[in-house]
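Student: Could you walk me through this one before I go back to the bench? I'd like to start broad and then get into single residues.
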Amino acid sequence: MMEIATTSPILRNGRKTRRPAMPALLTFAVVFASLAVVMALFGEHLVPYNPIDSSFEPNLPPPPISDVPVLFLSWIKGSAVDPIHWFGTDSSGFDVFSRVLCAPRIDLSIALAANCLAMLMGIPFGLVAGYFRNPLTEFMMRASDVLQSFPVFISAMILVALGGQSIINVVLALSLLYAPIYVRLTRTEVLTQKSRGMVEASRAIGQSEMMIALKHVLPNSLGPALVQSSVTIGFAILLTAGLSFVGAGVRPPSPEWGLMISTGANDIVLGQWWTSVFPGIAISLTVFSFAVIGDAMERRYNR
């Protein structure tokens, strides 16, 4: 695997050595994920056109690759006469490039909100289920197992259908589906932490069980959940796009990757590949980047 050299020395056995270089794949993942976050925050101010402006000519193809350098120079100089649609336009006259770059505002926001809500629900339940073992906590774990036994995508569609098609309901549905993951991860780590000497020492000095659980066990049990969060964000982005693809997620004309793929899927047979290929590439690279970051965090945690 390619590596990027670093120049930060560390002391080892009295001698200066260089820190291990960050793998090139992880560097790409961090840069791309950071770019997605930037576009989620400021995308609407950085794109050349309004993502919901349908006043352009529909079904315009992207410029040929050979013309891109010349067009880019003319765009930088401000001498371009006609609007440049780097990814073409779709059948409704939307600029695909602007919509692809603005989509993280919806997809990433839903994924982050769902992940945070899932952690807020799952971690406390996991702490209680692992530290205070009783018939009630065992019932909680069995209920969590039942929830995880259903296909995630089908469960998400049912929950959104019951609550109504809106971004808030998508967030709630995803958080309910991902919360059991954090319940099980936290419970497993809490069971490990309970057997350590710090718990017995805390009991010996008279601390209550609740204080021990919150002050000593919980902080040392958050590692697996934090590692899982990066992977969960990527899966939540993919699931959000899937719900929009089947018409159960974000409503048009909002710029959202799954919705764009769904809209452009029928145009592929007509040779208009760009309306779905570019958002498909964007969502693939974003999910892949968060998966790579999650894998790197897991490796570092398990050292």
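Tutor: We can go from the overall fold to a helix contact, then to some aromatic residues and the loops. Please keep in mind throughout that this is a predicted model.

Student: OK, how many helices and strands does the protein have?
Tutor: The protein has 12 helices and four strands, and its C-alpha atoms fill a box of roughly 80 × 60 × 30 Å when that box is taken along the principal axes.

Student: And what share of the residues is buried?
Tutor: Of the 303 residues in the protein, 42% are buried. As for the contacts with a separation of 6 or more, 72% of them are accounted for by residues 24 or more positions apart.

Student: Now the helix contact. How do helix 4 and helix 10 cross?
Tutor: Helix 4, which covers residues 104-131, and helix 10, which covers residues 223-245, have axes that come within 8 Å and cross at roughly 135 degrees. Angles over 145 degrees would count as roughly antiparallel and 65 to 115 as roughly perpendicular, so the two helices are oblique to each other. The crossing in which helix 4 passes helix 10 is right-handed.

Student: Which residues make that contact?
Tutor: On the helix 4 side they include Leu108, Ala111, Asn115 and Met119, while on the helix 10 side they include Leu226, Ser229, Ile233 and Ala236. Sorted by character, the residues of this contact are 12 nonpolar, four polar and one charged.

Student: Staying with helix 10, what does Phe245 touch?
Tutor: Phe245, which is found in helix 10, touches Gly258, Ile261 and Ser262 once residues up to four places away in sequence are not counted. With a relative accessibility of 40%, which lies between the 20% and 50% cut-offs, Phe245 therefore counts as partly exposed.

Student: How far apart are Phe245 and Arg203?
Tutor: They are 42 residues apart in sequence and 54 Å apart in space, taken from C-alpha to C-alpha.

Student: Different topic: aromatics. How many aromatic pairs are there?
Tutor: The structure holds eight aromatic pairs. One of them joins Trp273 and Trp274 in an edge-to-face arrangement, with 5.9 Å from centre to centre and 85 degrees between the planes.

Student: Are those two buried or partly exposed?
Tutor: Trp273 has 40% relative accessibility and so counts as partly exposed, whereas Trp274, at 6%, counts as buried.

Student: What cluster do the ring pairs make there?
Tutor: Ring pairs link Phe87, Phe97, Trp273, Trp274 and Phe278 into a cluster.

Student: Where does Phe97 sit, then?
Tutor: Phe97 has its place in helix 3, residues 96-102, and because its relative accessibility is 18%, it counts as buried. Leaving aside neighbours within four places in sequence, Phe97 is in contact with Pro48, Trp86, Phe87 and Gly88. Of these partners, Pro48 is 49 residues away from Phe97 in sequence, yet the C-alpha atoms of the two are 8.6 Å apart.

Student: Last thing, the backbone in the loops. Which peptide bond is cis?
Tutor: The bond from Pro252 to Pro253 is cis, with omega near 5 degrees, and Pro253 lies in the loop between helix 10 and helix 11, the latter being residues 257-265.

Student: And what is phi of Asn59?
Tutor: Phi of Asn59 is near 60 degrees, a positive value in a residue other than glycine. Asn59 is found in the loop between helix 1 (24-46) and helix 2 (68-77), and at 29% relative accessibility it counts as partly exposed.

Definitions and conventions. Residues are numbered from 1 along each chain as its sequence is written. This is a predicted model: local features need pLDDT of at least 70, side-chain atom pairs count only at pLDDT 80 or more; totals for chains, interfaces and linings use all residues. Side-chain values use heavy atoms; hydrogens and water are left out. Axes are lines fitted to C-alpha atoms, for helices over the stretch in contact, and angles run from 0 to 180 degrees between N-to-C directions. Angles under 35 degrees count as roughly parallel, over 145 as roughly antiparallel, 65 to 115 as roughly perpendicular and the rest as oblique. A crossing is left-handed if the near helix is turned anticlockwise from the far one by less than a right angle, and right-handed if clockwise. Contact means heavy atoms within 4.5 Å. Ala, Val, Leu, Ile, Met, Phe, Trp, Tyr, Cys and Pro count as nonpolar, Asp, Glu, Lys and Arg as charged, and the others, Gly among them, as polar. Buried means under 20% relative accessible area, exposed over 50%, partly exposed in between (1.4 Å probe, protein chains only). Rings of Phe, Tyr and Trp (its six-membered ring) pair if their centres lie within 6.5 Å; planes under 30 degrees apart count as stacked, over 60 as edge-to-face and the rest as tilted.
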